[in-house]
Amino acid sequence: MQYTLEVIPLPVSDIDRARDFYRDKVGFHVDIDQEVMPGMRIVQLTPPGSGCSIALGDAIWDMAQGARPAPGSYQGLQLCVADIKAAHAELRERGLDVSEPVQYAPDDGATFMYFKDPDGNGWAIQEYRRRVTEPLHQVLADLAARQ
């Protein structure tokens with residue numbers, strides 16, 4: 001059995017504000033914005049090129065077992081890009097308050113920049129130049145074919 005990580009529920013205080021932020025400032029695509037069952041509105045957004053989305057909605061947490069996470073309590077969510085300077089310029093042009101890229105080592109995968117959503121959920125964006133020639137979906141397909 002294979003399992004794919006495709007949706008991460010994200011705790012936010014205002015669904016419309018979060019939807020607008022992720023769509024307009026970060027450039028995510030709005031896949032769903034509807035009441036999927038009575039009293040349960042879901043907004044699902046996907047980063048360009050990603051196989052994993054975020055989901056916003058109050059009733060999501062009612063269906064899950066355990067404590068409801070506080071808006072802004074998620075830290076360390078991570079996006080990957082092949083060119084961090086181009087991504088930085090694009091995000092700044094969109095009006096996102098994103099940090100300058102920081103290179104922690106000269107190795108591929110060691111340069112990051114950071115931002116927070118309006119609730120304080122923290123994101124990192126990692127430059128992984130290898131993705132230009134080896135897209136993740138292709139790496140995973142090749143790996144699966146060898147197994």
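**Group meeting: pockets and sheets in a predicted model**

I'll start with the pocket. The largest pocket in this structure holds about 1100 Å³ of space. Keep in mind throughout that this is a predicted model.

What lines the pocket? Its lining comes to 31 residues, and those nearest the centre are Pro47, Pro48, Gly49, Ser50 and Cys80. By class, the lining divides into 20 nonpolar residues, seven polar and four charged. Several elements supply at least two lining residues each: β4, β5 (77-81), α3 (84-93), β8 (122-127) and α4 (136-146). Which of them gives the largest share? That is β5, with five residues.

Now the second largest pocket, with about 170 Å³ of space. Its lining is made of Gln2, Tyr3 and Thr4, together with Leu140, Leu143, Ala144 and Gln147. Here the split is four nonpolar and three polar, with no charged residues.

Next, the fold around these pockets. The protein has four helices and eight strands. Read from the N terminus, the elements go β-α-β-β-β-α-β-α-β-β-β-α. The C-alpha trace spans about 50 × 40 × 25 Å along its principal axes.

The first sheet I want to show is an open one of four strands with mixed pairing, in the order β1-β4-β3-β2. At its edges are β1 (7-9) and β2 (29-37), each of which pairs on one side only. On average, neighbouring strands of this sheet are turned by 25 degrees against each other, ignoring direction.

Within that sheet, β2 pairs with β3, residues 40-46, in the antiparallel sense, and the pairing runs over seven bridges. If you want a residue to find the register by, Met37 stands opposite Met40 in β3. Helix α1, residues 15-25, lies across β2, β3 and β4 (53-56). The angle between α1 and β3 is about 15 degrees.

The other sheet is also open, with four strands and mixed pairing, and its order is β5-β8-β7-β6. Why is one side of β5 and of β6 left without a neighbour in the sheet? Because β5 and β6 (102-103) stand at the edges, and each has a single partner strand.

The partner of β5 is β8: the two run parallel and are joined by five bridges. One residue here takes us back to the pocket. Cys80, among the residues nearest the centre of the largest pocket, has Gln126 in β8 as its bridge partner. Both strands of this pair, β5 and β8, also supply at least two residues each to the lining of the largest pocket.

Over this sheet we have α3, which lies across β5, β7 (111-116) and β8. It runs at about 20 degrees to β7. Like β5 and β8, α3 is one of the elements that supply at least two residues of the lining of the largest pocket.

Last, the annotation. An unreviewed UniProt entry lists residues 4-128 as "domain: VOC". In the model, that span is 20% helix and 34% strand, and its end C-alpha atoms lie 21 Å apart.

To recap the two pockets: about 1100 Å³ in the largest, and about 170 Å³ in the second largest. For the largest one, the place to begin looking is the set of residues nearest its centre, Pro47, Pro48, Gly49, Ser50 and Cys80. That's all from me.

Conventions:
Residues are numbered from 1 along each chain as its sequence is written. This is a predicted model: local features need pLDDT of at least 70, side-chain atom pairs count only at pLDDT 80 or more; totals for chains, interfaces and linings use all residues. Side-chain values use heavy atoms; hydrogens and water are left out. Two strands pair if DSSP finds at least two bridges between them. Axes are lines fitted to C-alpha atoms, for helices over the stretch in contact, and angles run from 0 to 180 degrees between N-to-C directions. Contact means heavy atoms within 4.5 Å. On a 1 Å grid over the protein atoms alone, a cavity is a set of points where a 1.4 Å probe fits but cannot get out, and a pocket is an open set with protein on both sides within 12 Å along at least five of seven lines; lining residues have an atom within 4 Å of a point. Grid points are joined across faces, edges and corners, and a volume is the space filled by probe spheres set on the points. Ala, Val, Leu, Ile, Met, Phe, Trp, Tyr, Cys and Pro count as nonpolar, Asp, Glu, Lys and Arg as charged, and the others, Gly among them, as polar. UniProt positions are given in the numbering used here, feature names are shortened, and annotations may be inferred rather than shown by experiment.
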